[in-house]
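Here's a quick walk through some helix packing and a handful of charged pairs. Keep the viewer open and follow along.

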Amino acid sequence: MMEEISIDQRSRGSGERMSDGDKNPASTPTAVLDVQGDNRWMSLHNRFVSDSKDKEPEVVFVGDSLVQLLHQFEIWRELFSPLHALSFGIGGDATHHVLWRLENGELDHIKPKIIVLWIGTNNHGHTAEQIASGIEAIIQLINRRQPQAQVVVLGLLPRGKDPNPLRERNKKVNEILSSSLPLLSRAQFLDVDPGFVHSDGTISHHDMYDYLHLTRHGYSRVCKPIHELLLHLLEDSTLHTPNAAS
């Protein structure tokens, strides 16, 4: 408990730089504190672990509310359910929360071919470098726990109606990952922003109803390239597993 509080406190100061002896809070596995008192986050995590015990998914989506809400739209049933996909998305999660979840059971009972990771926009108080390192730590964990799986990291989307520092931070995270992920094993970066920012610097509520979460129209623009890549990777994995166990 005390460790989690100290991590949260460290991560509040966006202008503070970590000393050499500090751990990166974005890559330190951390459970969400139950400040509301209903244990909802842990209940969702436990449900994911339980649900995975009798499933054989080929694709698993892991992330925050953008993953969680995608599962509620018809486009999930149209594009991703036929791929035998599971959704492990929890609203508000940051990289360190996903690390904790994956270290504590969500990968224990499944062997997917692909894990889609969409996380980082909720890492408030963390630098772009810290967030990118947190995402890389998740990839390394997946490589250890699920060595057969390809990891697809979706780029962070712009946010806010007008230009703001979080947009610039997310853009910087994407720039770092697009350079670093080709050096990592079985991982690739996919920029899924179709051009949400207009020429005047604004984002439309028709794409993001609250300038963060996607509308049905916004998801339709984002999901097509994801679906195309997943089909390609699944076909490729089938072609290259002639000696796969029965």
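In this predicted model, helix 5 (residues 95-103) and helix 6 (residues 128-145) have axes that come within 9 Å and cross at roughly 10°. An angle under 35 degrees counts as roughly parallel, so that is what helix 5 is to helix 6. The crossing of helix 5 past helix 6 is left-handed.

Who touches whom? From helix 5, the contact takes in Thr95, Val98, Leu99, Leu102 and Glu103, and these meet Ile131, Gly134, Ile135, Ala137, Ile138, Leu141, Ile142 and Arg145 of helix 6. Sorted by class, this contact of helix 5 with helix 6 has nine nonpolar residues, two polar and two charged.

Now for helix 5 on its own: is it mostly covered or mostly open? Mostly covered, with eight of its nine residues buried. Those buried residues are Thr95, His96, His97, Val98, Leu99, Trp100, Arg101 and Leu102. Helix 6 is one of the elements they pack against, and the others are helix 2, strand 1 (59-63), strand 2 (85-89) and strand 3. Just after helix 5 comes Gly105, which takes a positive phi of about 115°.

Helix 6 has another partner to look at. Its packing with helix 7 (residues 165-180) is at an angle of about 45°, with the axes 9 Å apart. That angle makes helix 6 oblique to helix 7, and the crossing of the two is right-handed. On the helix 6 side, the contact uses Ala128, Glu129, Ile131, Ala132, Ile135 and Glu136, while helix 7 brings Arg169, Lys172, Val173, Ile176, Leu177 and Ser180. Split by class, the contact of helix 6 with helix 7 has seven nonpolar residues, one polar and four charged. Ile131 and Ile135 are worth clicking on: they appear in the contact with helix 5 and again in the one with helix 7.

On to the charges. Side chains of opposite charge can pair when their charged atoms come close. How many salt bridges are there? The count comes to ten. Here are some of them:

| Pair | N to O distance |
|---|---|
| Arg40 and Asp38 | 3.7 Å |
| Asp51 and Arg47 | 3.6 Å |
| Asp108 and Arg145 | 4.0 Å |

Take Asp51 and Arg47 to start with. Both lie in helix 2 (residues 40-52), four residues apart, which is about one turn of the helix. An α-helix has 3.6 residues a turn, so residues three or four places apart point the same way. Neither partner is buried, because Asp51 has a relative accessible area of 30% and counts as partly exposed, and Arg47 is partly exposed too, at 45%.

Asp108 and Arg145 form a salt bridge with closest N and O atoms 4.0 Å apart. This pair links distant parts of the chain: Asp108 sits in the loop between helix 5 and strand 3 (114-118), Arg145 belongs to helix 6, and 37 residues separate them. Arg145 has 36% relative accessibility, so it counts as partly exposed. Arg145 is also among the helix 6 residues that meet helix 5.

As for the Arg40 and Asp38 salt bridge, Asp38 is partly exposed because its relative accessibility is 43%.

Finally, Asp93, Arg101 and Glu106 are linked in a network of salt bridges. Arg101 is one of the buried residues of helix 5.

Note on methods: Residues numbered from 1 in each chain as written. Predicted model: local features only at pLDDT ≥ 70, side-chain atom pairs only at ≥ 80, totals over all residues. Heavy atoms only, no water. Axes fitted to C-alpha atoms, helices over the stretch in contact; angles between N-to-C directions. Parallel < 35°, antiparallel > 145°, perpendicular 65-115°, else oblique. Left-handed = near helix turned anticlockwise from the far one by under 90°. Contact = heavy atoms within 4.5 Å. Nonpolar A, V, L, I, M, F, W, Y, C, P; charged D, E, K, R; others polar. Salt bridge = Lys/Arg side-chain N within 4 Å of Asp/Glu carboxyl O. Buried < 20%, exposed > 50% of the residue type's maximum accessible area, 1.4 Å probe, protein only.
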